[in-house]
Amino acid sequence: MSLLTIIQNVTDETGLGETPVTIIGNSDKYVKKCLALLNKVGKELVSMHDWQAISKEETFVTDGTGDYLRSAIFTDGDFERYVNNTDWDRSNQRKMQLVTPPEWQIIKSSVSTTVGIARYYRERGNTVYIEPDASGDTVVFEYISNQWITDTTGVTSKSAFTVDTDLIKFPEYMVELGVKYKLKAGEGLPAVVEQQEYMDEVNKNVGYETPKRNLGRNYDYKFTNLPDTGIGQ
């Protein structure tokens with residue numbers, strides 16, 4: 001569902017304003033308000049949950065310096081926040097160890113040694129610091145992107161609408177309900193029902209959008225990493 005269709009649906013359902021034929025550059029009061037509210041809903045949703053639609057993976061190769069600008073790691077310029085516990089040193093098949101500022105100072109300032117299998121890191125001033133560090137290792141993080149909009153091809157992602165045919169990565173009906181609720185509430189109209197519909201849809205999509213592991217009574221899956229052949233030889 002395009003930007004144009006979403007706002008057309010909202011204006012038709014609320015009865016606020018005429019059905020628009022264009023959005024970007026339209027000076028109509030309600031079109032401008034709907035566009036602003038749509039952007040607000042999108043940004044709220046980005047911060048609300050680790051949606052799979054805006055989850056990304058970033059790998060980079062260390063150079064041994066021990067400090068890396070965040071912008072040099074996440075080179076698409078769309079970093080919103082980290083996905084916790086996705087930090088790995090793939091070259092050595094080891095989990096990275098995120099430490100607190102006090103722990104970092106113990107590592108850097110005390111008589112403790114960093115020689116060993118653990119690789120520690122922290123972020124300060126939008127710079128990622130790693131200790132111990134080495135050159136040529138592949139490190140990976142998953143993160144949430146702030147680009148919740150895409151063009152019609154689905155290839156170019158954006159954090160702001162530029163044309164009427166732009167699409168959104170979130171479920172369209174959920175976003176539409178959010179704009180509808182905020183538009184009515186902003187106009188001083190009853191919007192309790194619309195608010196509840198929107199929150200119900202958000203909660204539903206948060207629960208349904210990704211597969212869930214079965215951790216019930218019959219759950220007995222054991223993760224193994226054995227070769228297909230040659231075991232015991």
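**Notebook: helix packing, pocket and local backbone**

Entry 1. I began with helix α1 and noted that α1 passes α5 in a right-handed crossing. The model I am reading is a predicted one. I located α5 at residues 172-186 and α1 at residues 3-14. For this pair I recorded a packing angle of about 45 degrees, with the two axes 10 Å apart. At that angle α1 is therefore oblique to α5.

Entry 2. I then asked which residues of α1 meet α5. From α1 I listed Ile6, Asn9, Val10, Glu13 and Thr14. Their partners in α5 are Glu176, Val179, Lys180, Leu183 and Lys184. Sorted by class, the residues of this contact are four nonpolar, two polar and four charged.

Entry 3. I turned to the packing of α1 with helix α2, which spans residues 29-48. Here I noted an angle of about 115 degrees and axes 10 Å apart. The range that counts as roughly perpendicular is 65 to 115 degrees, and α1 and α2 are therefore roughly perpendicular to each other. I also looked up the handedness: α1 passes α2 in a right-handed crossing.

Entry 4. I wrote down the residues at the contact of α1 with α2. Leu3, Ile7, Val10 and Thr11 take part from α1, and they meet Val31, Cys34, Leu35 and Leu38 of α2. I counted seven nonpolar residues, one polar residue and no charged residues in this contact. I marked Val10 in my list, since Val10 is named in the contact with α2 and is also named in the contact with α5.

Entry 5. Next I looked up the largest pocket, for which I recorded a volume of about 200 Å³. Its lining comprises 14 residues, and those closest to the pocket centre are Tyr82, Asn84, Asp87, Leu98 and Tyr121. I asked which strand gives the largest share of the lining. That strand is β6, with three residues. I noted that β5 (94-98), β6 (119-124) and β8 (135-145) each supply at least two lining residues. By class I entered six nonpolar, three polar and five charged residues for this lining.

Entry 6. I examined Leu69, a residue of strand β2 (residues 67-69). Where does the chain come back to Leu69 from far along the sequence? I found that Leu69 touches Asn126 and Thr127, leaving aside residues up to four places away in sequence. I also noted Gly125, which is 56 residues from Leu69 in sequence, while their C-alpha atoms are 8.7 Å apart in space.

Entry 7. I closed with two points on the backbone. The peptide bond from Glu131 to Pro132 is cis, and I entered its omega as near -10 degrees. I placed Pro132 in the loop that joins β7 (127-131) to β8. For Gln93 I recorded a phi near 55 degrees, which is a positive value in a residue other than glycine. I placed Gln93 in the loop between β4 (88-89) and β5.

Key
Residues are numbered from 1 along each chain as its sequence is written. This is a predicted model: local features need pLDDT of at least 70, side-chain atom pairs count only at pLDDT 80 or more; totals for chains, interfaces and linings use all residues. Side-chain values use heavy atoms; hydrogens and water are left out. Axes are lines fitted to C-alpha atoms, for helices over the stretch in contact, and angles run from 0 to 180 degrees between N-to-C directions. Helices (H or I, at least four residues) and strands (E, at least two) are DSSP runs, numbered from the N terminus. Angles under 35 degrees count as roughly parallel, over 145 as roughly antiparallel, 65 to 115 as roughly perpendicular and the rest as oblique. A crossing is left-handed if the near helix is turned anticlockwise from the far one by less than a right angle, and right-handed if clockwise. Contact means heavy atoms within 4.5 Å. Ala, Val, Leu, Ile, Met, Phe, Trp, Tyr, Cys and Pro count as nonpolar, Asp, Glu, Lys and Arg as charged, and the others, Gly among them, as polar. On a 1 Å grid over the protein atoms alone, a cavity is a set of points where a 1.4 Å probe fits but cannot get out, and a pocket is an open set with protein on both sides within 12 Å along at least five of seven lines; lining residues have an atom within 4 Å of a point. Grid points are joined across faces, edges and corners, and a volume is the space filled by probe spheres set on the points.
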